[in-house]
Amino acid sequence: MMKIAALSLLAGSAAAFAPAQTGSKVATALNVEFLEGTKALPFGSSPDTLDGSLVGDVGFDPIGFSTTPFAQFNNPLYVEGNFMSDLEWLREAELTHGRIAQLAVVGFIWPGLFGTFPGSDEFGGVDAYSELNPFKALTTVPESAIYQIVAGMAWFEYQRVIRIREQGANRVSGDIGIGYPGGWNPLNINYTAEEYADKQLQEIKHCRLAMIGVFGLICQAANSGTDVISQLAPAFAAPEYAAKAGYFLPQGI
């Protein structure tokens, strides 16, 4: 899961955060115009392929991922004339990776705050789930638990693939049949068009934040060898010498 989360951050960051643009234009050899002074980078530029059609677009694509035909590149799902645009395909990747990153962030923090699941002698021992470092936990949990995670991920991915094939050019990026219009809606959520767009904006912002956050969590866990929660208390604790009056006042007072 941690390797998947790391790949999620890198691949999800490649999904251009597209926007409505203003400013001067600069032509390139690829016949793509780059707009100067975007919302995300006032001092930078982004390609005109970012047309503001997606929720949460802020003009961040300094490398030009959105100018590349990713939708058809090595993609067995691609159907000529009946598939998402390249920009929508990148948004699909961004949402997918961002959702995995959000789950990974919770997985890093939750065990240290609220504890882990109890183990059993039949499945890995009573301490099978007690390891708080996610990298070490991969070696202590029973293999059946790993298989359950993989099976759950495969089911969600299968649902996504089915809908990509069915919806074709009318694909709603990120739709896995849960909570989206026409999908499974156990809470009977019924948003207006404006409310729905606002929820989409909230999700994409959380996805981007989680991809950045989980990268930091992964690096910290790999470097420290322990969980992130156990490192918070020492980080805020004052050193012993700072608690002594002599540290602040001249000696003898």
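**Entry 1: a term before I start**

I call a residue buried when its relative accessible area is under 20%, exposed when it is over 50%, and partly exposed in between. I tried the rule on Phe-156: its relative accessible area is 40%, so I wrote it down as partly exposed. I should also note that I am reading a predicted model.

**Entry 2: the overall plan**

I looked up the elements first and found seven helices and three strands in the protein. Going along the sequence, I read the pattern α-β-β-β-α-α-α-α-α-α. Next I asked myself what share of the 253 residues is buried. I found that 32% of them are. I also checked the contacts with a separation of 6 or more: 56% of them join residues 24 or more positions apart.

**Entry 3: aromatic rings**

A reminder to myself: a pair of aromatic rings is described by the distance of the centres and the angle of the planes. I looked up the count of aromatic pairs and got five. I took Tyr-78 and Phe-83 to begin with: their ring centres are 5.3 Å apart and their planes stand at 65°, so I noted the pair as edge-to-face, a label for angles over 60 degrees. Are both of these rings buried, or what is the case for each? Tyr-78 has 24% relative accessibility and counts as partly exposed, while Phe-83, at 9%, counts as buried.

I then turned to Trp-155 and Phe-156. Their ring centres lie 5.0 Å apart with the planes at 85°, so this pair is edge-to-face too. Trp-155 is partly exposed at 44% relative accessibility, and Phe-156 is partly exposed at 40%. Back at the earlier pair, I found that Tyr-78 and Phe-83 belong to one aromatic cluster together with Trp-89.

**Entry 4: Met-84**

I looked for Met-84 and found it in the loop between strand 3 (45-47) and helix 2 (86-114). Is Met-84 buried or exposed? At 3% relative accessibility, Met-84 counts as buried. I then listed its contacts, leaving aside neighbours within four places in sequence: Ala-71, Trp-89, Glu-92, Ile-164, Gly-168, Ala-169, Arg-171 and Ser-173. I followed up Arg-171 from that list. It sits 87 residues from Met-84 along the chain, yet the two C-alpha atoms are separated by 6.4 Å. Trp-89, also on the list, is a member of the aromatic cluster from my last entry.

**Entry 5: salt bridges**

Another reminder: side chains of opposite charge can pair when their charged atoms come close. I looked up the count of salt bridges, and it is seven.

I picked Arg-91 and Glu-94, whose side chains meet at 3.2 Å, N to O. They are three residues apart in helix 2, which means about one helical turn separates them. Arg-91 and Glu-94 are both buried.

My next pair was Glu-92 and Arg-171, with a salt bridge of 2.7 Å, N to O. This one links distant parts of the chain: Glu-92 is in helix 2, and Arg-171 is in the loop between helix 4 (143-167) and helix 5, 79 residues apart. Glu-92 counts as buried at 1% relative accessibility, and Arg-171 is buried at 5%. I recognised Glu-92 and Arg-171 from the contacts of Met-84.

I also looked up Arg-99 and Glu-203, which form a salt bridge at 2.7 Å, N to O. Here Arg-99 in helix 2 is linked with Glu-203 in helix 5, 104 residues apart. Glu-203 counts as partly exposed, at 21% relative accessibility. Which residues are joined into one network by salt bridges that share partners? I found Asp-57, Arg-91, Glu-94 and Arg-208.

**Entry 6: the second largest pocket**

I finished with the second largest pocket, which holds about 490 Å³ of space. How many residues line it? I noted 18, and the ones nearest its centre are Ile-178, Gly-179, Tyr-180, Lys-199 and Glu-203. So my list ends with a residue I had already met: Glu-203, the salt-bridge partner of Arg-99.

I then asked which element gives the largest share of the lining. Helix 5 (residues 193-224) does, with six residues. Sorting the lining by class, I wrote down nine nonpolar, six polar and three charged residues.

Conventions: Residues are numbered from 1 along each chain as its sequence is written. This is a predicted model: local features need pLDDT of at least 70, side-chain atom pairs count only at pLDDT 80 or more; totals for chains, interfaces and linings use all residues. Side-chain values use heavy atoms; hydrogens and water are left out. On a 1 Å grid over the protein atoms alone, a cavity is a set of points where a 1.4 Å probe fits but cannot get out, and a pocket is an open set with protein on both sides within 12 Å along at least five of seven lines; lining residues have an atom within 4 Å of a point. Grid points are joined across faces, edges and corners, and a volume is the space filled by probe spheres set on the points. Helices (H or I, at least four residues) and strands (E, at least two) are DSSP runs, numbered from the N terminus. Ala, Val, Leu, Ile, Met, Phe, Trp, Tyr, Cys and Pro count as nonpolar, Asp, Glu, Lys and Arg as charged, and the others, Gly among them, as polar. Rings of Phe, Tyr and Trp (its six-membered ring) pair if their centres lie within 6.5 Å; planes under 30 degrees apart count as stacked, over 60 as edge-to-face and the rest as tilted. Buried means under 20% relative accessible area, exposed over 50%, partly exposed in between (1.4 Å probe, protein chains only). Contact means heavy atoms within 4.5 Å. A salt bridge is a side-chain nitrogen of Lys or Arg within 4 Å of a carboxyl oxygen of Asp or Glu.
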